[in-house]
Amino acid sequence: MQMRTIEIVVGAFMLAGLISLAVLAIRVSGFNVGAEANTYNVFAKFENVSGLVVRAKVSIAGVIVGQVAEISLDQKSFTALVRMEIDSDVAELSIDSTAAILTEGLLGGKFIGLTIGADESYLKEGAYITDTQSSIVLEDMIGKFLMKQF
Amino acid sequence: MLANIRHLGQYGIDLLTALGRAGSIWWQAIWRRPRLANAHLVFRQIYQLGVLSVVITVLSGFSIGAVLALQGYNQLVNYGSESALGLGVALVLVMEIGPVVSGLLFAGRAGSAVTAEIGLMKATEQLSSMEMIGVDPLQRIVAPRLWAGFISMPILALMFSVVGIWGSSLIGVDWLGVYEGAFWSTMQDGVDFHSHVLKGIIKSVVFGLVVTWIAVYQGYEAEPSSEGISRATTRTVVHSSVAVLVLDFFLTLVMFNF
């Protein structure tokens, strides 16, 4: 076969490889570049975050507005410290908002649900949400239920 | 008794010699004065090894994706979570089946051809004639094939995964009626570029390297007779298939934090 034809076919082959890579990156893994730039950090302390993972979603009224960026232990109070990255578009979250760890469906993953308060001042970069509700641990609930029965 | 021990020793020495020779061929072919003037040889080999393997790769990818969708749907629908079909199929294809099956196909389709070609060149003394006129066969024959395998294999694996996912969406969404939005969004939610797609690509690069290496070595060291070439070709397919599967286990062990 002519060298020219081979080069064209090989070029098309490599292009197909690049397109496949792009499809896998964008369509399959939902990879978006520079997503971290336009978010701000909000912190919250929870008594118990069992089941919550990094990259879990943060939602208001079921709409995703950010994700969990970091989960660590606060060594003073021995509570869980969660850093959330909230989209900058969602800037007007009142300072008395509450954060609760909720479960998606019966067997789904944990996520953080924010409920907006009434205060006129807003959460800024590095602010803390003070009113929080921990994740529900099934064993604890069963334990309490059994205690009431007997 | 002594004879048995001697056989064992002989086997060990043979094995180590083979490994050493294979290593030295690979090292010399890759690093000995890579010239831009030889780029057209690499293109020709990418055509032979890569482009001509596209059809078999795409066909297998489509069938495997479709089968995964059918079987996965049958199990998931019992738990009412058939929307997770996209996630399951995509993860399985991108991390494991894509690189491994396209590696096996590559070994059968391209590896055997390389061995047979180089083996026949050796049997007809083309390699020694090349040396005679001052052309280095490692540079002229072996190196372009190694580079071509190294470049083609990840492209083939990526195509395999993409076509597989397309096939599964065709079966899952269009035929079995999984909700399209959920199919793609659970997939995008669960598949991560760095921790899943990139690791699959690393696997396929390693497989491409190993398969072409085995193929070239078997051809280069083939006994220069028709029987010898036939044995070398068989060995290429067997060794590289086993190598792909065993390496896949160890790569998974290392890369996915066990």
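Which residues have the most contacts inside the largest nonpolar core? Hold that thought for a moment. First, a caution. This is a predicted model.

Now the answer. The largest nonpolar core has 71 residues. Those with the most contacts inside it are Ile46(B), Ala90(B), Val94(B), Val142(B), Val211(B) and Val216(B). Where does this core come from? Chain A supplies at least two residues from helix H1, residues 3-28. On chain B, H2, H3, H4, H6, H7, H8 and H9 each supply at least two as well. The largest share is 19 residues, and H6(B) provides it. There is also a second, separate core, with 20 residues. Among them are Ala56(A), Met84(A), Ile101(A) and Ile112(A).

Let's take chain B on its own. What are its elements? Nine helices and zero strands. Read from the N terminus, the order is simply α-α-α-α-α-α-α-α-α. Its C-alpha atoms fill a box of roughly 70 × 55 × 30 Å along the principal axes. Chain B has 258 residues, and 43% of them are buried. Now look at its contacts with a separation of 6 or more. Residues 24 or more positions apart account for 88% of those.

Next, the place where the chains touch. Here 18 residues of chain A are in contact with 23 residues of chain B. On chain B's side, helices H2 (39-50), H4 (85-123), H6 (137-175), H7 (180-190) and H8 (193-220) each give at least two residues. That side of chain B comprises 16 nonpolar residues, five polar and two charged.

One residue makes a good guide here: Val28(A). You will find Val28(A) in helix H1 of chain A. Is Val28(A) buried or exposed? Buried, because there are 25 C-beta neighbours inside 10 Å, and 20 or more is the cut-off. What does Val28(A) touch, leaving out residues up to four places away in sequence? In its own chain, Val23(A). Across in chain B, Ala90(B), Val94(B), Ile165(B), Met187(B), Gln188(B) and Val191(B). Turn the view round to Ala90(B). Beyond its neighbours within four places in sequence, Ala90(B) is in contact with Val28(A), Ile165(B), Met187(B) and Val191(B). One more pointer from Val28(A). Ser77(A) is 49 residues away along the chain, and the two C-alpha atoms are separated by 41 Å.

That brings us to the sheet in chain A. How many strands does the open sheet have? Eight, with mixed pairing, in the order S7-S1-S4-S3-S2-S6-S5-S8. Strands S7 (127-129) and S8 (131-133) stand at the edges. Each has a single partner strand, so one side of each has no neighbour in the sheet. From one strand to the next, the twist averages 30°.

Walk through some of the pairs with me. S1(A), residues 39-46, pairs with S4(A) in the antiparallel sense, over eight bridges. One bridge to pick out there puts Ala44(A) with Val82(A). S4(A) also pairs with S3(A), again antiparallel and over eight bridges. On that side, Val82(A) stands opposite Ile71(A). S2(A) and S3(A) run antiparallel too, joined by four bridges. Ile60(A) and Val63(A) are bridge partners in that pair.

Now the turns. S2(A) and S3(A) form a hairpin with two residues between them. Ala61(A) sits in that turn, with a positive phi of about 55°. Is Ala61(A) exposed or buried? Exposed, because just 9 other C-beta atoms lie within 10 Å, and the cut-off is 12 or fewer. The next hairpin joins S3(A) and S4(A), with four residues between them. Phe78(A) is in the turn. Its phi is positive, about 50°, although Phe78(A) is not a glycine. Phe78(A) is exposed, because 8 other C-beta atoms lie within 10 Å.

Last stop: helix H2 of chain A, residues 138-149. Does its length fit, or not? What span should its 12 residues have, at 1.5 Å a residue? The expected span is 16 Å. The end C-alpha atoms are 17 Å apart, which agrees. How many of those 12 residues are buried? Zero, so H2(A) lies largely in the open.

To recap, then. Chain B is nine helices with zero strands. Chain A carries the open sheet of eight strands. And helix H1 of chain A joins helices of chain B in supplying the largest nonpolar core.

Notes: Residues are numbered from 1 along each chain as its sequence is written. Chains are lettered from A and ligands numbered from 1 in the order in which they are written. This is a predicted model: local features need pLDDT of at least 70, side-chain atom pairs count only at pLDDT 80 or more; totals for chains, interfaces and linings use all residues. Two residues are in contact if their C-beta atoms, placed from the backbone, lie within 7 Å. Ala, Val, Leu, Ile, Met, Phe, Trp, Tyr, Cys and Pro count as nonpolar, Asp, Glu, Lys and Arg as charged, and the others, Gly among them, as polar. A nonpolar core is a set of buried Ala, Val, Leu, Ile, Met, Phe, Trp, Tyr and Cys residues joined through C-beta atoms within 7 Å. Two strands pair if DSSP finds at least two bridges between them. Axes are lines fitted to C-alpha atoms, for helices over the stretch in contact, and angles run from 0 to 180 degrees between N-to-C directions. The expected span of a helix is 1.5 Å times one less than its number of residues.
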